[in-house]
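Could you walk me through this model in my viewer? I would like to know what to select next and what is there.

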Amino acid sequence: MRITELSPGHVHGLAHGTTPDQFVPHADQRRWDFDPGLIDGLLQMVWIWSRAIQQASTLPLGITAVRRFAGDPLAGPLNAEAYITSPMENSEIVTQLYVYDATGAL
């Protein structure tokens, strides 16, 4: 993950997907339904936002939903977006996270 934009209500980064064999040696040619490396990278992107903007370290406490809409997330560089939806003064950070492939598909 490489952060390219950081503002009070938004973070943008560039990312790449992972494959199961990067985590489990005997995974062979399997594919993720949901990429845990990418999800972790998104959460770390929000942590960097909290350090830079709020001068505080936050840890993820939960994820409401993970949805896969289309395509193969490993195709090309990915655009990662985090929109901070909670008020700036809140210690609990609520975000909406999005990942778009090289064609712009969610």
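Start by selecting Tyr83, which is partly exposed because its relative accessibility of 36% falls between the 20% and 50% limits. Keep in mind as you click along that this is a predicted model.

Next, add Tyr98 to the selection. Tyr98 also counts as partly exposed, at 26% relative accessibility. Now look at the two rings together: the centres of Tyr83 and Tyr98 are 6.0 Å apart and the planes meet at 65 degrees, so this pair is edge-to-face. Colour the strands and you will see that the pair links distant parts of the chain, with Tyr83 in strand 3 (residues 78-84) and Tyr98 in strand 4 (residues 95-100), 15 residues apart. Bring in Tyr100 as well, since ring pairs link Tyr83, Tyr98 and Tyr100 into a cluster.

How many aromatic pairs are there by this rule? The count comes to three. For another of them, select Phe23 and Trp32: their ring centres lie 5.7 Å apart with the planes at 70 degrees, so this pair is edge-to-face. Click each partner in turn. Phe23 is partly exposed at a relative accessible area of 46%, and Trp32 is partly exposed at 24%.

For the last stop, switch on the surface and select Leu6, Trp47, Ile48 and Leu59. These four make up a nonpolar surface patch, with about 390 Å² of accessible area together. Zoom in on Leu6, which sits in strand 1 (residues 2-7). Is Leu6 buried, exposed or partly exposed? Leu6 is partly exposed, with a relative accessible area of 36%.

Notes:
Residues are numbered from 1 along each chain as its sequence is written. This is a predicted model: local features need pLDDT of at least 70, side-chain atom pairs count only at pLDDT 80 or more; totals for chains, interfaces and linings use all residues. Side-chain values use heavy atoms; hydrogens and water are left out. Patches are made of residues with over 30% relative accessible area and no salt bridge: like charges are joined within 9 Å, nonpolar side chains (Val, Leu, Ile, Met, Phe, Trp, Tyr) within 5 Å. Accessible areas come from the Shrake-Rupley method with a 1.4 Å probe; for residues, only the protein chains shown count as cover. A salt bridge is a side-chain nitrogen of Lys or Arg within 4 Å of a carboxyl oxygen of Asp or Glu. Helices (H or I, at least four residues) and strands (E, at least two) are DSSP runs, numbered from the N terminus. Buried means under 20% relative accessible area, exposed over 50%, partly exposed in between (1.4 Å probe, protein chains only). Rings of Phe, Tyr and Trp (its six-membered ring) pair if their centres lie within 6.5 Å; planes under 30 degrees apart count as stacked, over 60 as edge-to-face and the rest as tilted.
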